Amino acid sequence: MDQPLSLTLLYTGQIAGDLALLPRLYTFIQQLKAAAHPPAPLLDLGGSCADDVPHCRETGGRSTLIALDGMGYHAANVAGLLVPEQRERLAQQVTLGLVNEERDWLFQSPTAGAGSISATLRPRDDTARLQILLKPAECTRIVAKALFLEAVDAGQVGVAVVDLRGEPALISARIHQMPAATPPNASIAGLVDFVEAEARYFARQAR
């Protein structure tokens with residue numbers, strides 16, 4: 001029997017500027033990706049920065065997104081986080097797809113078959129193979145080719161597997177809690193140090 005033509009995706013959310021979390025989160029994500037069938041897009045459902053976090057204020061919400069880009073994320077919900085000018089400027093500096101009400105992200109997947117797979121904030125293309133709703137939902141489900149993803153907290157990683165034969169169908173969905181003993185990744189720790197240093201530089205320039 002043929003194996004299902006499937007897509008596995010991993011996602012996070014509500015990081016809220018907690019850069020210290022990211023080196024351990026990266027290790028955990030890599031462990032989960034090792035068990036997934038590639039390619040496995042890595043997405044963020046939003047809430048990556050918070051106004052009460054200094055580096056978020058100093059960079060206009062860009063700091064955590066730059067870190068996510070360095071961690072290999074494919075797309076992130078930036079609605080309400082970046083003003084249009086900031087989004088366009090950041091889009092020239094990162095490969096991370098910056099999804100808002102006006103801009104979607106298109107996933108180039110060899111498993112997609114005919115039609116497209118995109119990350120969007122609202123369903124808008126009936127001809128798409130699959131539309132991933134990049135914002136928290138009450139539960140993970142597929143409705144009319146739109147994949148809704150259950151909300152996750154910081155330190156959690158959601159994993160959803162979708163069968164792409166015929167009409168998209170949800171194979172499995174699970175939210176994983178990062179173990180407390182997860183070791184940090186040294187490269188991402190260095191990236192976090194760089195992002196924090198850049199935020200301090202921006203703060204000095206603004207004075």
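Me: Which residue just after H3 takes a positive phi?

Reply: In this predicted model, the residue to look at is Gly72, which follows directly after H3 and has a positive phi of about 90°. Positive phi values also turn up here in residues that are not glycine, and Gln14 is one of them, with phi near 55°.

Me: Where is Gln14 placed, and how exposed or buried is it?

Reply: Gln14 sits in the loop between strand E1 (6-12) and H1, and because its relative accessibility is 40%, Gln14 counts as partly exposed. Ala144 can be read in the same manner: its phi is positive, about 50°, although the residue is not a glycine, and its place is the loop that runs between strand E8 (141-143) and strand E9 (146-150). With a relative accessibility of 71%, Ala144 counts as exposed.

Me: Before going further into single residues, how should I read the overall form; what radius of gyration does the protein have?

Reply: The general idea is to set the radius of gyration against what a compact globule of that length would have, and for 207 residues that value would be near 17 Å; the protein has 17 Å, which agrees. Taken along the principal axes, the C-alpha atoms fill a box of roughly 60 × 40 × 30 Å, and the protein holds five helices and 11 strands.

Me: What share of the residues is buried, and what share of the contacts joins residues 24 or more positions apart?

Reply: Buried residues make up 49% of the 207 residues. Among contacts with a separation of 6 or more, 57% are between residues 24 or more positions apart. As for the outside, the accessible surface comes to about 10200 Å², and 51% of that surface belongs to carbon and sulfur atoms.

Me: How do I read a nonpolar core, and which residues touch the most other members in the largest one?

Reply: A nonpolar core is read as a set of buried nonpolar residues joined through side-chain atoms within 4.5 Å. The largest core in this protein has 32 residues, of which Leu10, Leu22, Leu25, Leu65 and Tyr73 touch the most other members. Two or more residues each come from helix H1 (22-34), helix H3 (63-70), strand E10 (156-163) and helix H5 (186-206), and H1 gives the most, with six residues. There is also a second, separate core of 21 residues, whose members include Val99, Leu121, Leu147 and Val162.

Me: Taking Leu22 as a case, what is it in contact with, apart from its neighbours within four places in sequence?

Reply: With those neighbours left aside, Leu22 is in contact with Ile15, Ala67, Leu68, Met71, Ile188 and Val192. Two of these partners, Ala67 and Leu68, are among the buried residues of H3, together with Ser63, Thr64, Leu65 and Asp69.

Me: How many of the residues in H3 are buried, and how does Gly70 read?

Reply: H3 is mostly covered, since six of its eight residues are buried. Gly70 is found in that helix, but it is partly exposed, with a relative accessible area of 44%. Beyond its neighbours within four places in sequence, Gly70 is in contact with Ile188 and Leu191. A short separation along the chain should be checked against the separation in space: Gly70 and Asp52 are 18 residues apart along the chain, and their C-alpha atoms are separated by 23 Å.

Me: Is Gln131, in strand E7 (residues 130-137), buried or exposed?

Reply: At 3% relative accessibility, Gln131 counts as buried. Leaving aside neighbours within four places in sequence, its contacts are Ser118, Thr120, Arg122, Pro123, Arg124, Asp125, Lys145, Ala146 and Leu147. Leu106 offers another strand residue to read, lying in strand E5 (residues 105-107), and at 45% relative accessibility Leu106 counts as partly exposed. With its neighbours within four places set aside, Leu106 is in contact with Ser116, Ile117 and Ser118.

Me: Finally, which residue lies over the face of Phe148, and how many aromatic pairs does the structure hold?

Reply: Arg141 lies over the face of Phe148, at 4.4 Å from the ring centre. The structure holds one aromatic pair.

Conventions
Residues are numbered from 1 along each chain as its sequence is written. This is a predicted model: local features need pLDDT of at least 70, side-chain atom pairs count only at pLDDT 80 or more; totals for chains, interfaces and linings use all residues. Side-chain values use heavy atoms; hydrogens and water are left out. Buried means under 20% relative accessible area, exposed over 50%, partly exposed in between (1.4 Å probe, protein chains only). Helices (H or I, at least four residues) and strands (E, at least two) are DSSP runs, numbered from the N terminus. Contact means heavy atoms within 4.5 Å. Rings of Phe, Tyr and Trp (its six-membered ring) pair if their centres lie within 6.5 Å; planes under 30 degrees apart count as stacked, over 60 as edge-to-face and the rest as tilted. A charge sits over a ring if NZ of Lys or CZ of Arg is within 6 Å of the ring centre and within 35 degrees of the ring normal. The radius of gyration is taken over C-alpha atoms; the globule rule is 2.2 Å times the number of residues to the power 0.38. Accessible areas come from the Shrake-Rupley method with a 1.4 Å probe; for residues, only the protein chains shown count as cover.
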